[in-house]
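These notes are meant to be read alongside the coordinates. They go from the surface to the interior and then to the charged pairs and a loop.

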Amino acid sequence: MKKIVQRKKGSKNQGMVVDFNAYGGVQSAWNKLDIMDSKTYAQAYLTSVGGNLSDISEADLRSWIQDALAGSITGTDWQNEVLRVAPIQSYDLSLRGANNKVGYGLSGSYFNQQGIVHNTYGKRIQGNGYLDYTPLTNLKISVGLKFSQNDYTNYDQGTYSSVLGTSLRKDPI
């Protein structure tokens, strides 16, 4: 019989072995779309309605377009409002050992990834332990325990209904 998955075990008469690994970093959007600023948007909007401010019937919209053309409104790049530089970190710890009759191991990991979209994240905690007992040469008794907990945000990723899709369609003014 061939084993597909094999865990690290302590060798016979081996003292306790401790392993620890950690990493951390940051992540960010690697490609943002180039979008119109408020002045360019106002010029495009004005052109689309005939080119005259008087052709815009809503007073508020006419005022916004006029202010944007004058440069007194900076506008909003909604991609910058939705996206962020986000940290990521992971920690793993394991202990294992054995003597002539008993082998043991205990391990755990913690993973935390904040999403590049505000209010998104993924967290995972995992652990496992085992105990092997060999009272006779041809008899081995093993017991193991595993634990996993995942917590993450799940948001709509549709082209038109997602946070990112909405941020690209939103007017800058």
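Is Val143 buried or exposed? The points below begin with that residue, and they refer throughout to a predicted model.

1. Val143 is exposed, because its relative accessible area is 52%, and exposed here requires over 50%. The residue is placed in strand E5, which spans residues 139-152.

2. Val143 belongs to a nonpolar surface patch of about 750 Å², and its partners there are Met16, Val18, Phe20, Tyr91, Leu93, Tyr104 and Leu131. Strand E1 (14-27) and strand E2 (86-98) each contribute at least two residues to the patch, and the largest share, three residues, is that of E1. As background to this point, nonpolar side chains in soluble globular proteins tend to be buried together.

3. For the interior, the largest nonpolar core consists of five residues, namely Ala42, Leu46, Ile56, Ile65 and Ala68. Helix H1 and helix H2 (59-70) each supply at least two residues of this core. Ala42, once residues up to four places away in sequence are set aside, touches Ile65, Ala68 and Leu69.

4. Ser38 lies in helix H1, which covers residues 38-48, and this serine counts as buried because its relative accessibility is 4%, the cut-off being under 20%. The Ser38 side chain reaches the backbone oxygen of Thr74 at 3.3 Å. Beyond its neighbours within four places in sequence, Ser38 is in contact with Ala68, Ile73, Thr74, Gly75, Pro172 and Ile173; Ala68 is also one of the residues of the nonpolar core described above.

5. The count of salt bridges comes to two. One of them joins the side chains of Arg96 and Asp19, with an N to O distance of 2.8 Å. This pair links distant parts of the chain, since Arg96 is in strand E2 and Asp19 in strand E1, 77 residues apart. With regard to solvent, Arg96 counts as buried at 14% relative accessibility, whereas Asp19, at 25%, counts as partly exposed.

6. The salt bridge between Asp132 and Lys140 has its closest N and O atoms 3.9 Å apart, a value to be read against a cut-off of 4 Å. Asp132 is buried, with a relative accessible area of 5%, while Lys140 is partly exposed, with a relative accessible area of 48%.

7. Ser94 is found in strand E2, and, leaving aside its neighbours within four places in sequence, this serine is in contact with Val17, Val18, Asp19, Leu106 and Ser107. Among these contacts, Val18 is a member of the nonpolar patch and Asp19 is the salt-bridge partner of Arg96. The C-alpha atoms of Ser94 and Ser109, which are 15 residues apart along the chain, are separated by 8.7 Å.

8. Where does Asn119 lie? Asn119 is in the loop between strand E3 (102-114) and strand E4 (121-136), and its phi is positive, at about 65°, although Asn119 is not a glycine. The residue counts as exposed because its relative accessibility is 71%.

Note on methods:
Residues numbered from 1 in each chain as written. Predicted model: local features only at pLDDT ≥ 70, side-chain atom pairs only at ≥ 80, totals over all residues. Heavy atoms only, no water. Patch = residues over 30% accessible without salt bridge, like charges linked within 9 Å, V, L, I, M, F, W, Y side chains within 5 Å. Areas by Shrake-Rupley, 256 points an atom, 1.4 Å probe, with all protein chains shown as cover. Helix = DSSP H or I, 4+ residues; strand = E, 2+ residues; numbered from the N terminus. Buried < 20%, exposed > 50% of the residue type's maximum accessible area, 1.4 Å probe, protein only. Polar contact = N/O pair within 3.5 Å; in protein donor to acceptor, adjacent residues only side chain to side chain. Contact = heavy atoms within 4.5 Å. Core = buried A, V, L, I, M, F, W, Y, C linked by side-chain atoms within 4.5 Å.
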